[in-house]
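The following note offers comments on the structure shown below, set out as numbered points. Please read each point with the structure open beside the text.

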2 protein chains.
Amino acid sequence: MGKTDAFLEHAEAIERGLLDIGRAAKASGVSVKMVRHYEAIGLLRKVARTYANYRVYTMNDVHTLRFIKRARTLGFAIDDIRELLALWQNKSRSSAAVKKVAGAHLEELKRKIVEMKSMVATLEHLTHHCHGDHRPDCPILDDLAGARKPGA
Amino acid sequence: MGKTDAFLEHAEAIERGLLDIGRAAKASGVSVKMVRHYEAIGLLRKVARTYANYRVYTMNDVHTLRFIKRARTLGFAIDDIRELLALWQNKSRSSAAVKKVAGAHLEELKRKIVEMKSMVATLEHLTHHCHGDHRPDCPILDDLAGARKPGA
DNA sequence: CTGAAGTCTGCCACCATTGGAGGGTCAAGG
DNA sequence: CCTTGACCCTCCAATGGTGGCAGACTTCAG
């Protein structure tokens, strides 16, 4: 508070343990592109800049980026992550609120898996019955064309 | 060939068993929007028009739309469908070519399922250990924040 | 001083689909 | 004839998350 906020020259910032965007990206596993993007959409605070307008990150920012990265890896959507970040930073949160977000995502994942498994089942059935040779006859195309098992 | 191609007035077209886009959409299960889109990207031929510039579809077009619809339901990408449609319409195709497209898609689906299952496993583990009550302590946030089982 | 590597902003592309704006057309009924 | 409502038309934009490129500037090492 007392000290001026905008000291900030690149070399000096690095010396003081701060990171430029490249280092922050490497340290968090998020691409430089996405680091900027997350800032643009308000997932990450607007970070400080050097005189040359370079972004300057603290280790705290890197933690946030890692949090985002991990959440993305678990398939959370950006808006979910926005909420999770808010909960993370809110020390009077309830774990129920967190569990609710995770639970909804979990259900969505399961729903999608069921859907894809159904596709897989159908496709495996069809490919199993497809000769896969030089001849044109193909149950896969028959199915797509709407032929429903002529024998059944 | 002999007869002029562009008779085409709306009422007459309908009488002759042709369909306007709304009917074609309903008959195929594809939305009106997407019917136009599929034409725009060359998945469906450029259909004829009435004098008033309304699109006119044949039952053949409806079959194609159903084919596309079914393929999308099975998760095929547009470019895959483009290829499948070409194979469908090519009577000297080899079933092997069809099987190859389906097989690649199948593998991709399986890959995604494995990926999502891994997410589900992690999330279920975490939510299982989350109290989900008024207290702030939450293993889900701990995981996202990078805390790796302090006990282990 | 020069060159390479890093950073800045801004814009476009992907994929499939939906939505809207702003207009024309068709059919039914007054 | 005129209105009304349900169609249809085209064009444009947005979604979500990421990558890529262009043109300009900065930094740092040789």
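1. The interface between the two protein chains is the starting point of this note, and the reader should keep in mind that the model is predicted. Across the interface of chain B and chain A, 18 residue pairs are found in polar contact, with both residues at pLDDT 80 or more. On the side of chain B that touches chain A, four helices each supply at least two residues: α4 (59-73), α5 (78-89), α6 (95-128) and α7 (139-144). Of these, α6(B) gives the largest share, 19 residues. By class, this side of chain B has 24 nonpolar, ten polar and 14 charged residues.

2. The extent of the interface can also be stated in terms of residues and area. Chain B and chain A contribute 48 residues each to the contact. Between them the two chains bury about 4300 Å². Carbon and sulfur atoms account for 74% of that buried area.

3. Charged side chains also meet between the chains. How many salt bridges does the rule find across the interface of chain B and chain A? There are four. One pairing across the chains joins D143(B) to R70(A), whose side chains form a salt bridge with an N to O distance of 2.6 Å.

4. The relation between the two protein chains deserves a separate comment. Chain B is superposed on chain A by a rotation of 180° with 0.0 Å of shift along the axis, and the RMSD is 0.2 Å. This is the relation of a two-fold axis. Within chain B, the C-alpha of I113(B) is the one nearest the axis, at 3.1 Å from it. The copies meet through the same surface, because 100% of the interface residues of chain B are also interface residues in chain A.

5. Salt bridges should also be considered beyond the interface. Over all chains, the structure holds 21 salt bridges. One example within chain A is the pair D61(A) and R45(A), in which the closest N and O atoms are 2.9 Å apart. This pair links distant parts of the chain, 16 residues apart: D61(A) belongs to helix α4 (residues 59-73), whereas R45(A) lies in the loop between α3 and β1 (48-49).

6. The next subject is DNA strand C. Around this strand there are 21 residues, and the closest are G22(A), R36(A), Y54(A), R55(A) and K33(B). Which elements each supply at least two residues of the surface near DNA strand C? They are α2 (21-28) and α3 of chain A, together with α1 (10-15) and α3 of chain B. The largest share, four residues, comes from α3(B). The surface near DNA strand C comprises nine nonpolar, five polar and seven charged residues.

7. The atoms involved at DNA strand C may be examined next. Of the strand's atoms within 4 Å of the protein, 72% belong to sugar or phosphate, and the rest belong to bases. Two residues of chain A illustrate contacts with phosphate. A polar backbone atom of G22(A) is 2.7 Å from a phosphate oxygen of DNA strand C, and an N or O atom in the side chain of R36(A) is 2.5 Å from a phosphate oxygen of the strand. K33(B) offers a contact with a base: a polar atom of its side chain lies 2.5 Å from a base oxygen of DNA strand C.

8. DNA strand D is described in a similar way. It has 21 residues around it, of which K33(A), Y38(A), I78(A), G22(B) and R36(B) come nearest. At least two residues of the surface near DNA strand D are supplied by each of α1 (10-15) and α3 (32-40) of chain A and α2 (21-28) and α3 (32-40) of chain B. Here α3(A) provides the largest share, four residues. The classes in this surface are nine nonpolar, five polar and seven charged residues.

9. The final point concerns the atoms at DNA strand D. Sugar or phosphate accounts for 75% of the strand's atoms within 4 Å of the protein, and bases account for the rest. What lies 3.1 Å from a phosphate oxygen of DNA strand D? It is a backbone N or O atom of I78(A). Side chains of chain B also approach phosphate oxygens of this strand: an N or O atom of R36(B) at 2.4 Å, and a polar atom of R49(B) at 3.0 Å.

Notes. Residues are numbered from 1 along each chain as its sequence is written. Chains are lettered from A and ligands numbered from 1 in the order in which they are written. This is a predicted model: local features need pLDDT of at least 70, side-chain atom pairs count only at pLDDT 80 or more; totals for chains, interfaces and linings use all residues. Side-chain values use heavy atoms; hydrogens and water are left out. A residue is near a molecule or strand if one of its heavy atoms lies within 4 Å of it. A polar contact is a pair of N or O atoms within 3.5 Å; within protein, one must be able to donate a hydrogen and the other to accept it, and residues adjacent in sequence count only if both atoms are side-chain atoms. Ala, Val, Leu, Ile, Met, Phe, Trp, Tyr, Cys and Pro count as nonpolar, Asp, Glu, Lys and Arg as charged, and the others, Gly among them, as polar. Contact means heavy atoms within 4.5 Å. Buried area is the accessible area (1.4 Å probe) that two parts lose on being put together, summed over both. Copies are superposed by least squares on the C-alpha atoms of residues with pLDDT of at least 70 in both.
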